[in-house]
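Subject: Handover of a model, with notes

Hello,

Here is the structure I promised to hand over. My notes follow below it.

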Amino acid sequence: MNVVTQNRCFGGVQMVCTHPSRACGVDMTFGVYLPPQAEDGPVPVLWYLSGLTCTHENAMVKGGFQEHAAEHGIAVVFPDTSPRGEGVADDEAYDLGQGAGFYVNATRAPWEPHFRMYDYVLEELRGVVLDQFPLADRHGITGHSMGGHGALTLALRNPDRFASLSAFAPIANPTRSDWGRKQLSAYLGDDESAWACYDAALLLREHGWKDSILIDQGAGDQFLDLLRPEALTEAFAGRRQSGVVRMQPGYDHSYFFVATFAGDHVAWHAERLCRPQH
């Protein structure tokens, strides 16, 4: 692992690092914020997964998570959204290829050799950060848009790996949305039965979640028809799942929306990550 930048921030340190990835077959970049409490011992981890066209940097710079993480004593990891570089497949469209990994393990050419973001986040990067930084093996996960989809699907499929879960304006039902059907067919093929394990609404209805889930959605979001939040709320009701789904009047899909409610989400995770374990 190579530390690219390191900046003091709210008494802690914001770092950007690179490392060679076996899952993705290229060097990957990620950000990690260590709160001041990490100087005294391992701290819990909140994973933030970003949306379409983003890198590790967008939420790290625009989301305002560091101040809240420092207050509560939790680290934040900001992975990239896809593999990148020479030899990595890409597409001219913004919503497929580099910057649009959709947190799946691709099984179809030309994506299969590199686009394994599900394994990368769940297994490989998790191992890297636990090995390299003073972090407790106790994790929460959140994300925005495509990253909200990733956070929900990763946690709902792996409840033993995550203690807390939230999302900002997630792509809630990609098997029934143009933000999903295009990408899932490209990465996984035309057999729609292979798509279900990457659909948060379907997973929630089938498996539920062991605790409450926090969802924030801008009521003025210009992409509401693509996000399909109604599918997620229907799954909450059908499963009788504990959770808080907030439609925020006037808020759109931007990082102004994310930054506004970042403190609520960090506090939500801190309450669950820092509670005594039995």
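In which helix is the place of Gln183? Gln183 sits in helix H5. More on that helix shortly.

First, the ground rules. This is a predicted model, where local features need pLDDT of at least 70, side-chain atom pairs count only at pLDDT 80 or more, and totals for chains, interfaces and linings use all residues. Residues are numbered from 1 along each chain as its sequence is written, and side-chain values use heavy atoms, with hydrogens and water left out.

Helix H5

Helices (H or I, at least four residues) and strands (E, at least two) are DSSP runs, numbered from the N terminus. H5 covers residues 178-188, and 8 of its 11 residues are buried, so the helix is largely enclosed by the rest of the structure. Buried means under 20% relative accessible area, exposed over 50%, and partly exposed in between (1.4 Å probe, protein chains only). The buried residues of H5 are Trp179, Gly180, Gln183, Leu184, Ser185, Ala186, Tyr187 and Leu188. They pack against helix H7 (224-227).

Gln183 itself is buried, at 0% relative accessible area. Contact means heavy atoms within 4.5 Å. Leaving out residues up to four places away in sequence, Gln183 touches Asp95, Leu96, Phe102 and Asp178.

The largest pocket

Rolling a probe the size of a water molecule over the atoms shows where empty space is left. The search ran on a 1 Å grid over the protein atoms alone: a cavity is a set of points where a 1.4 Å probe fits but cannot get out, and a pocket is an open set with protein on both sides within 12 Å along at least five of seven lines. Lining residues have an atom within 4 Å of a point. Grid points are joined across faces, edges and corners, and a volume is the space filled by probe spheres set on the points.

The largest pocket has a volume of about 180 Å³. Its lining consists of Gly51, Leu52, Thr53, Cys54, Tyr94, His144, Ser145, Trp179, Phe223, His253, Ser254 and Tyr255. That lining divides into 6 nonpolar, 6 polar and no charged residues. Here Ala, Val, Leu, Ile, Met, Phe, Trp, Tyr, Cys and Pro count as nonpolar, Asp, Glu, Lys and Arg as charged, and the others, Gly among them, as polar.

His144 is one of the lining residues. It lies in the loop between strand S6 (135-143) and helix H4 (146-157). His144 is buried, with a relative accessible area of 5%. Beyond four places in sequence, His144 touches Tyr48, Leu49, Ser50, Gly51, Phe168, Ala169, His253, Phe257 and Val258. The C-alpha atoms of His144 and Leu202 are 19 Å apart, with their positions 58 residues apart along the chain.

H6 against H8

Two packed helices are described by the angle between their axes and the distance between the axes. Axes are lines fitted to C-alpha atoms, for helices over the stretch in contact, and angles run from 0 to 180 degrees between N-to-C directions. Helix H6 (residues 200-207) and helix H8 (residues 229-239) pack at about 5 degrees, with axes 8 Å apart. H6 and H8 are therefore roughly parallel. Angles under 35 degrees count as roughly parallel, over 145 as roughly antiparallel, 65 to 115 as roughly perpendicular and the rest as oblique.

From H6, the contact uses Ala200, Ala201, Leu204, Arg205, Glu206 and His207. From H8 come Ala231, Leu232, Glu234, Ala235, Phe236, Gly238 and Arg239. The contact residues divide into 7 nonpolar, 2 polar and 4 charged.

Two strand residues

Gln217 is in strand S8 (residues 213-218). Gln217 is buried, at 1% relative accessible area. Among its contacts more than four places away in sequence are Ala169, Leu224, Arg246 and Phe257.

Asp27 lies in strand S3 (residues 27-34). Asp27 is exposed, at 55%. Outside four places in sequence, Asp27 contacts His19 and Pro20.

Backbone points to check

Most residues other than glycine have a negative phi, and most peptide bonds are trans. The bond from Ala109 to Pro110 is cis, with omega near 0 degrees. Pro110 is in the loop between strand S5 (75-79) and helix H3 (117-132). Tyr103 is in the loop between S5 and H3 too. Tyr103 has a positive phi, near 55 degrees, and is buried at 0% relative accessibility.

Phe10 also has a positive phi, of about 50 degrees. Phe10 lies in the loop between strand S1 (2-9) and strand S2 (12-20). Phe10 is partly exposed, at 48% relative accessibility.

Best wishes
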